[in-house]
Structures are given as C-alpha cells and as structure tokens.
Amino acid sequence: MPSIAIPMSSRTPAKAICAFLVVLLLAAACSGPAVSGAPTFTPSATAALESESPAATIAPSNSASSGASADGVVVTLRVADAEEYRVLLTDPDDIATAEQLLAGEMDPLIPVGTVIRDGDGGVNTGYSWHIDPASFEWAQATIELCDGRPSYVEDGTLSGDTFCPWSAEVVEVEPTG
C-alpha cells in the first residue's frame, strides 16, 4: 500500500483526527479481506462518523455562487507564497467553496485536479498545461506524490496526472464572461 502523508501544519487537532480517520477508512477499504477480529467499516458507519464531525464535510451548504457566470469562474491559486496558477471551475459547489476560502470563511483546503498536458494552458496563462475542470475537487488531505509548485508540473518534476499543491491558497475568483 502506498504511504499517505497528511500535512498537519495548518490543521487543528480535530481536523487532524478526522484526516487520520479518513486515511484509516481508505486503508481498510483497500486492504482486501478483513482480518479476524478487526473492525470493519461500512457505508453506514462512515455516514455516522461524518454526521458526528462537521469537519469531515468539505462541501459548503450554500451552492449558489454570487460571482459565477454560466461558464464558471477562474480561480487564481498562490502556492508556497511564490507561484500562481489558474483553474477554471464550473461546479457550483466548487465555486462556492472557492469564494468562501477567498473570504476566509473556511479552513484551508487542498485543490486537486487532473493535469492536461496538451500545450494549451487555457485560463492557466503562462503554462503549457491546465487542470481539467471536470476533475477538480477540494480535499482536506492528499498523498504527497501530487504536491508541489506549478513550475514542477511545467518542467516535468511532477510527472503524474494529478496536481494537489498543499500550500495553495485562493487569491482571486473572477467570472469567465
């Protein structure tokens, strides 16, 4: 099983515990047959866990977006206080989350998406790649293999299909049209 790293520097103890429980649930789901006497996790157990912990829910309750156009919004993310990249968001929940992050109304989340390396940066001006809007999501924890800077994606240092910069912060949300 691959190792999973969870950045703890910006996490509260309750969120760290929730992230750890998510990792345990993932490990249990991927480990094959249950060991005799080991606890098993069922969808109902997961639902009960999530209902008891509001930190386990990352989607905002308000899916209406004030700045969204019919085509979505362009979100600018700053990574490690040094580099920026842009992502087109079309899902109303993702857009609402970006706006709440920009306003400081939510704890930091990690942007995750599939990298499209087709020589067209699209809204991600200055780069030869962009994030597929259909794959984009916000996460509380990710594996370390997709963490890095936008320049690492550009120069091939990060060669995987997924980009998830842990230190990214939303610095701008603007309508596309």
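Here are some questions and answers about this predicted model.

Reader: Glad to be here! What is the mean pLDDT of the protein?
Author: Welcome! The confidence score is given for each residue on a scale from 0 to 100. In this model 60% of the residues reach 70 or more. Taken over the protein, the mean pLDDT is 76.

Reader: Over which residues is the pLDDT below 50, or under 50?
Author: One such stretch is residues 7-12, which has 8 contacts in the model beyond near neighbours in sequence. Another stretch has 31 contacts beyond four places in sequence, with pLDDT staying under 50. The two stretches are residues 7-12 and residues 28-66.

Reader: Is D94 buried or exposed?
Author: Let's start with its place: D94 is found in helix α3, which spans residues 92-102. Leaving aside residues up to four places away in sequence, D94 touches L89, F136, E137 and W138. Its relative accessible area is 13%. Buried means under 20%, so D94 counts as buried.

Reader: How many residues of strand β3 are buried?
Author: Strand β3 covers residues 110-116. The strand is mostly covered. Of its 7 residues, the number buried is 5.

Reader: Which strands pair with β3?
Author: Good one to trace on the structure! β3 is joined by 3 bridges to residues 137-139, which form β5, and by 2 bridges to residues 162-163, which form β6. A further 2 bridges link β3 with residues 130-131, again in the antiparallel sense. The partners are β5, β6 and β4.

Reader: What is the bridge partner of I116 in β4?
Author: It helps to follow the bridges along β3. I110 is partnered with A139 in β5, and T114 stands opposite T162 in β6. For I116, the bridge partner in β4 is H130.

Reader: Is the aromatic pair of Y127 and W129 stacked, edge-to-face or tilted?
Author: By the ring-centre rule, the model holds 5 aromatic pairs. In one of them, Y127 and W129 lie 5.3 Å apart centre to centre, with 50 degrees between the planes. Planes under 30 degrees apart count as stacked and those over 60 as edge-to-face. This angle falls in neither range, so the pair is tilted.

Reader: Which residues do ring pairs link into a cluster with Y127 and W129?
Author: Y127 is buried, and W129 is buried too. Ring pairs link these residues into a cluster with two others. Those are Y85 and F163.

Conventions:
Residues are numbered from 1 along each chain as its sequence is written. This is a predicted model: local features need pLDDT of at least 70, side-chain atom pairs count only at pLDDT 80 or more; totals for chains, interfaces and linings use all residues. Side-chain values use heavy atoms; hydrogens and water are left out. Rings of Phe, Tyr and Trp (its six-membered ring) pair if their centres lie within 6.5 Å; planes under 30 degrees apart count as stacked, over 60 as edge-to-face and the rest as tilted. Buried means under 20% relative accessible area, exposed over 50%, partly exposed in between (1.4 Å probe, protein chains only). Helices (H or I, at least four residues) and strands (E, at least two) are DSSP runs, numbered from the N terminus. Contact means heavy atoms within 4.5 Å. pLDDT is the predictor's confidence in each residue, from 0 to 100. Two strands pair if DSSP finds at least two bridges between them.
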